[in-house]
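Ready for a short tour? Open your viewer, switch to a cartoon view, and keep the selection tool at hand.

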Amino acid sequence: MALITIGVLNWMPDLIGFFRIVADLLTPGGALVIYETHPFLEMFDPVSKTPYEPAFSYFDRRPQPVSDAISYDGKNHGKGETGYWFIHSLGEIVSAAAASGLQIIELKEYGHSIREPEYDLYENREAQVPMTYCLITAKGQTPRTD
């Protein structure tokens, strides 16, 4: 079994290539579980003056430069080396997993956050947005020849 969680896929510019490598590492019948921030949440900036209005396009595929040090504790850790963040839609993620030969077993979406604490303001709202998802895939079994 392989597990991918918060912040892995957004560093990958080539999802199909990434999933092909993961699929190659799995044994037949092996599972890949992705428990990740929902791409829809990438549209919002919780520290802006208007945190409930979309700040970014769901469909913008340009690499986003990131120069702040990466942290998940909600604290500012200053600047780091510039990296590039790629926003992938949920459809692109599921399609890339399938194109790599992984079988889609289950996809669930949730209204809770696994991101930095500032994203918690989007939880428990009457008009709840998707905040997290869990995608379970499996590598197909090799047919028996005996």
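Start by selecting Asn-124, which sits in the loop between E5 and E6. The model you are looking at is a predicted one. Is Asn-124 buried or exposed? With a relative accessible area of 72%, Asn-124 lies over the 50% cut-off, so it counts as exposed. Now check the backbone here: phi of Asn-124 is near 55°, a positive value in a residue that is not glycine.

Next, select Arg-115, in the loop that runs between strand E5 (102-110) and strand E6 (132-139). Arg-115 has a relative accessibility of 15%, under the 20% cut-off, and therefore counts as buried.

Which residues should you display around Arg-115? Setting aside neighbours within four places in sequence, show Ile-6, Thr-37, Leu-41 and Glu-42, which are in contact with Arg-115. Then turn on side chains for Glu-42 and Arg-115: the two side chains make a polar contact at 3.1 Å.

For a last stop, add Pro-65 to your selection and draw a distance between C-alpha atoms. Pro-65 and Arg-115 are 50 residues apart along the chain, and their C-alpha atoms are separated by 19 Å.

How values were computed. Residues numbered from 1 in each chain as written. Predicted model: local features only at pLDDT ≥ 70, side-chain atom pairs only at ≥ 80, totals over all residues. Heavy atoms only, no water. Helix = DSSP H or I, 4+ residues; strand = E, 2+ residues; numbered from the N terminus. Buried < 20%, exposed > 50% of the residue type's maximum accessible area, 1.4 Å probe, protein only. Polar contact = N/O pair within 3.5 Å; in protein donor to acceptor, adjacent residues only side chain to side chain. Contact = heavy atoms within 4.5 Å.
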